[in-house]
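Reader: Please take me through one part of this model at close range. I would like the pairing, the packing and the ring contacts joined into one account.

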Amino acid sequence: MPIIYVTDVNDARLAAYCGLTDGQLRDGIGGGRGGGMFVGESRKVIDRALDAGVRMVSLFMEEKWLEQTMPVVDRALAADPEMPVFVATREQFRAVTGYEVTRGALALFERPPMPSVEELVRDARRVAVLEDIVNYTNVGAIFRSAAALGIDAMLLTPSCHDPLYRRAARVSMGTVFQVPWTRIGGVRDWAVEGVPLLRELGYKTAALALSDDSISIDDARLASCEKLALVLGTEGDGLAASTIAHCDWTARIPMDHGVDSLNVAAASAVAFWETRVR
């Protein structure tokens, strides 16, 4: 199928790009394609999604991005010659999406199936658990640090922000497709079933939190663990008391100048580095 230059902003084939939220795409509201879709933004994100074997459904971009996106276009069409590639003027693109600015092309993908916790961590030695982190920037930044600093898998509680949402994936620079992830635990209190499951799978657990009985993140017991799960909490409230109580250790990052804590994304990078497999 050749590149399609948009002539009608109400073209039904663009429905998935028409102001639908990430949640609506995930749940199949609008667009007529059923559930399990997401939109990736920028060439880096799209390339890494394709590298991970995620199936692309269509591409949509402003004319100004076409030349630099052609390697992606060629790659996508080589895999599926019938896949539509929509190109629009700035005015048309804004009318369809409502976006004033994007960092490149948009691509509609099918969501890959989510593995079980047991399947995901089968060969992992370092795992991060994200508890109820709802800021997309933090989620994306944590994934980027995880990819760079030796985390083998990510486990997200049911209320944690979705890594495949457009902005989270973009902030991660596409590393949400490089570090495997899935959901863990129940909605009410993930740790009740989640931490025992990790223990059954051979993991020691360390909750990152300020506590009188916490150990330093550079404690040799952490780095020497054969299998270690680091549990990180949301900004402000931090980890739930029940989560801390279920974990084997509470760990802290030593601070200077009277600073009591770091942003969770910054803290994750320090923790990942200090506890990496030597």
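Author: The answer below starts with the whole chain, turns to one sheet and its surroundings, and ends with the other sheet for context.

This is a predicted model, in which local features need pLDDT of at least 70 and side-chain atom pairs count only at pLDDT 80 or more, while totals for chains, interfaces and linings use all residues. Residues are numbered from 1 along each chain as its sequence is written, and side-chain values use heavy atoms, with hydrogens and water left out.

The protein has eleven helices and twelve strands; helices (H or I, at least four residues) and strands (E, at least two) are DSSP runs numbered from the N terminus. Its C-alpha trace spans about 65 × 40 × 35 Å along the principal axes. The radius of gyration is 21 Å, which agrees with the value near 19 Å for a compact globule of 278 residues; the radius is taken over C-alpha atoms, and the globule rule is 2.2 Å times the number of residues to the power 0.38. Of the 278 residues, 49% count as buried, meaning under 20% relative accessible area with a 1.4 Å probe and protein chains only (over 50% is exposed, in between is partly exposed). Among contacts (heavy atoms within 4.5 Å) with a separation of 6 or more, 80% come from residues 24 or more positions apart.

The part to look at is the open sheet of five strands, ordered E1-E4-E3-E5-E2 with mixed pairing. Two strands pair if DSSP finds at least two bridges between them. E1 and E2 are the edge strands; each has a single partner strand, so one side of each lacks a neighbour in the sheet. Further in, E3 and E5 are antiparallel and joined by four bridges, and Ser58 has Leu108 in E5 as its bridge partner.

Helices come next. H3 lies across E1, E3 and strand E4 (85-88) and runs at about 165° to E3; such axes are lines fitted to C-alpha atoms, for helices over the stretch in contact, and the angles run from 0 to 180 degrees between N-to-C directions. Helix H4 (residues 90-97) also packs on the sheet, where it touches E3, E4 and E5, and its direction makes about 130° with that of E3. In helix H2 (residues 43-51), the buried residues are Val45, Ile46, Asp47, Ala49 and Leu50. The buried residues of H2 pack against E2, E3, helix H3 (66-79), E5 and helix H7 (166-171). Just after H2, Gly53 has a positive phi of about 85°.

Rings tie some of these elements together. The structure holds four aromatic pairs, where rings of Phe, Tyr and Trp (its six-membered ring) pair if their centres lie within 6.5 Å, and planes under 30 degrees apart count as stacked, over 60 as edge-to-face and the rest as tilted. One of them is the tilted pair of Tyr17 and Phe60, with 5.1 Å from centre to centre and 50° between the planes. Tyr17 is in the loop between strand E1 (4-5) and helix H1 (22-27), Phe60 is in strand E3 (residues 56-62), and 43 residues separate the two. Tyr17 counts as buried because its relative accessibility is 4%, and Phe60 counts as buried because its value is 0%. Another pair is Phe38 and Phe109, which is stacked because the centres are 5.2 Å apart and the planes stand at 15°. This pair joins strand E2 (residues 37-41), which holds Phe38, to strand E5 (residues 106-110), which holds Phe109, across 71 residues. Both Phe38 and Phe109 are buried. Tyr17 and Phe60 also belong to one aromatic cluster with Phe93.

For context, the other sheet is open too, with seven strands in the order E8-E7-E6-E11-E9-E12-E10 and parallel pairing. Its edge strands, E8 (181-183) and E10 (215-216), each pair on one side only. Helix H6 (residues 136-148) packs on this sheet and touches strand E6 (126-131), strand E7 (153-156) and E8, its direction making about 155° with that of E7. E6 and E7 run parallel over four bridges, with Leu155 of E7 as the partner of Val129. From E7, Ala153 and Leu155 point one way and Met154 and Leu156 the other, and all are buried.
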